[in-house]
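Please open the model in your viewer and keep the sequence panel beside it, since each stop on this tour begins with a selection.

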Amino acid sequence: MIVAVELLAASQLAVIAALAVVLTCRRIAIARAGRHRRLLLDRYRDAVVEFVGLDDDEPPASLTGLRTAEQRSAVGELLAEYTGTVRGESRSRVAAFVTEHGYAAAAERDLRARRSWRRGTAAKTLGDFGVVASVDELADALRLDASPQVRVSAARAIGRVGEAQATADLISACAMGSVPAGIVAQALLDIGEEALPWLLGAIGSPEQRVRLVACRVVGLMGVGAAEAEVVAALDTAATTDPDVAVRGAACHALGRVGGLDAALAVAASTADHEASVRRAACDAAARLAAPETAAAVTRALDDSDPEVRRAAARAAVLLGVADGSGSPFLEEAEAELAWGWR
Amino acid sequence: MESVHAKVLVADDEPHLLRLVKFRLEREGYEVLTAVDGESALQVARDEHPDLCVLDVMMPKRSGFDVLREIRSDDACAGMKVIMLTARAQDRDVDVGFSLGADDYITKPFSPQELRVRIGAHLSKR
């Protein structure tokens, strides 16, 4: 009996010792691989910095003709890291290089990898590379990938590439709820004014979250009042959209767009039946500081909702239709203005 | 040759960007000093008196705007050119930068060529 117990204990100790050896060897192997990777990155870093940072069309010789997958992987990682910080000619030059030398294709293949972290990294890499031809693959990932993190990474990457054709895919992802609205909004802002035609269509979408994102993005985009279509679309949203948040977002956007028509639309929205929209309209009037809103702002000083009266007071003081006396909100607005609030 | 003698401080907490800008400016013949946070940027600006500073806005310890404010209020740093290089691209941020006394404002991602040209233009006005 005692011998059997001793044998059992000994075998358990042997198993534990074997496990310890395996784990130690594994840790050593991982540390060695990490060291090797860092050495590779250090070896190619200067060449990549030189290629990204200078105006030469020809890449340094050390970046061409790489033989091993490890070398190519290290250079691909460095190219993505450094290209992600630049725009203009440098970015275009690197995009051409990664296309010609197969780095973009490798990242596109990784978009179909089994592990989600690898797919996500591939999406980020493609966004950093800025290769327009990769946008279709990113749009597929945005639409079809099972992992929400990969879809987010794909949405951000599309914005980084800045290809307007992908705007519809971003809006569609927003409509389906497959990517958070804030991520889509940032990607659309990254694409910039070229996304405007799709955004104007999205303001009339049947999906509330799409209309909301579209209004906010159009407002943040900073398109001028010269874009009559923009003001008309926002005007319609501010006055007729069935959703309160969308009407409010449209008012804010009109305040940023500016111009006579925007001012008239904002003035009309100060009479909305929802207090939050009236407040948004008064905030927009303060931003516009246009005389066309003066009468509406003056009426809003007597609004039934205190927050609307507060917003109206700010607009009224800025417009010069009221001085800092007569109500606590006007005094507050006057004091804020004196402190440089605008 | 303006660039041969000019001293430029680049302050940014992003190592990739810092390395890229340093490399580019050194190739142009500038003497480049670097800092990875606002406090050390201010220290370098006061100790080394660079001709021009390239400042990120969002940095550890002190923001680029704080550093700019200190530089502008320090007589020893009079005449120092300052370019903000930042991801903060809102009109309001640009307003703040210029109102604090920045000579230029460049948004990230940036064009290395554009940065080189703007630095050259500001230094030639000294």
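Begin by selecting Leu254(A) and displaying its surroundings: leaving aside residues up to four places away in sequence, Leu254(A) touches Val231(A), Leu234(A) and Ala238(A), and also Ala262(A), Ala265(A), Val266(A) and Ala284(A). Bear in mind while you look that this is a predicted model, with an ipTM of 0.79 and a pTM of 0.75.

Next, widen the selection to the core around this residue. The largest nonpolar core holds 140 residues, and Leu254(A) is among the members that touch the most others, together with Ala155(A), Ile158(A), Cys215(A), Leu234(A) and Val266(A). Two of these names, Leu234(A) and Val266(A), will be familiar from the first stop, as both are touched by Leu254(A).

Now select the whole of chain A and colour it by secondary structure, which should show 18 helices and 0 strands. Turned along its principal axes, the chain has C-alpha atoms that fill a box of roughly 95 × 70 × 40 Å. Its radius of gyration is 29 Å, whereas a compact globule of 342 residues would have one near 20 Å. Of the 342 residues in chain A, 45% count as buried. If you draw the contacts between residues at least 6 apart in sequence, 60% of those in chain A join residues at least 24 apart.

For a single position within this chain, select helix α5 of chain A, residues 116-129, and pick out Thr121(A), which lies in it. Is Thr121(A) buried or partly exposed? Thr121(A) is partly exposed, because 19 other C-beta atoms lie within 10 Å, while a residue needs 20 or more to count as buried. Then add Ala17(A) to the selection and draw a distance between the two C-alpha atoms: Thr121(A) and Ala17(A) are 104 residues apart along the chain, and their C-alpha atoms are separated by 37 Å.

Finally, move to chain B, whose mean pLDDT is 86, with 96% of its residues reaching 70 or more. Select the contact between the chains, which takes 15 residues from chain B and 14 residues from chain A. On the side of chain B that touches chain A, α2 (15-27) and α6 (112-124) of chain B each supply at least two residues, and α2(B) gives the most, with 7 residues. Colouring that side of chain B by residue class would divide it into 6 nonpolar, 3 polar and 6 charged residues.

Conventions. Residues numbered from 1 in each chain as written. Chains lettered and ligands numbered in written order. Predicted model: local features only at pLDDT ≥ 70, side-chain atom pairs only at ≥ 80, totals over all residues. pLDDT = per-residue confidence, 0-100. Helix = DSSP H or I, 4+ residues; strand = E, 2+ residues; numbered from the N terminus. Rg over C-alpha atoms; globule rule 2.2 N^0.38 Å. Buried ≥ 20, exposed ≤ 12 C-beta atoms within 10 Å, placed from the backbone. Contact = placed C-beta atoms within 7 Å. Nonpolar A, V, L, I, M, F, W, Y, C, P; charged D, E, K, R; others polar. Core = buried A, V, L, I, M, F, W, Y, C linked by C-beta atoms within 7 Å.
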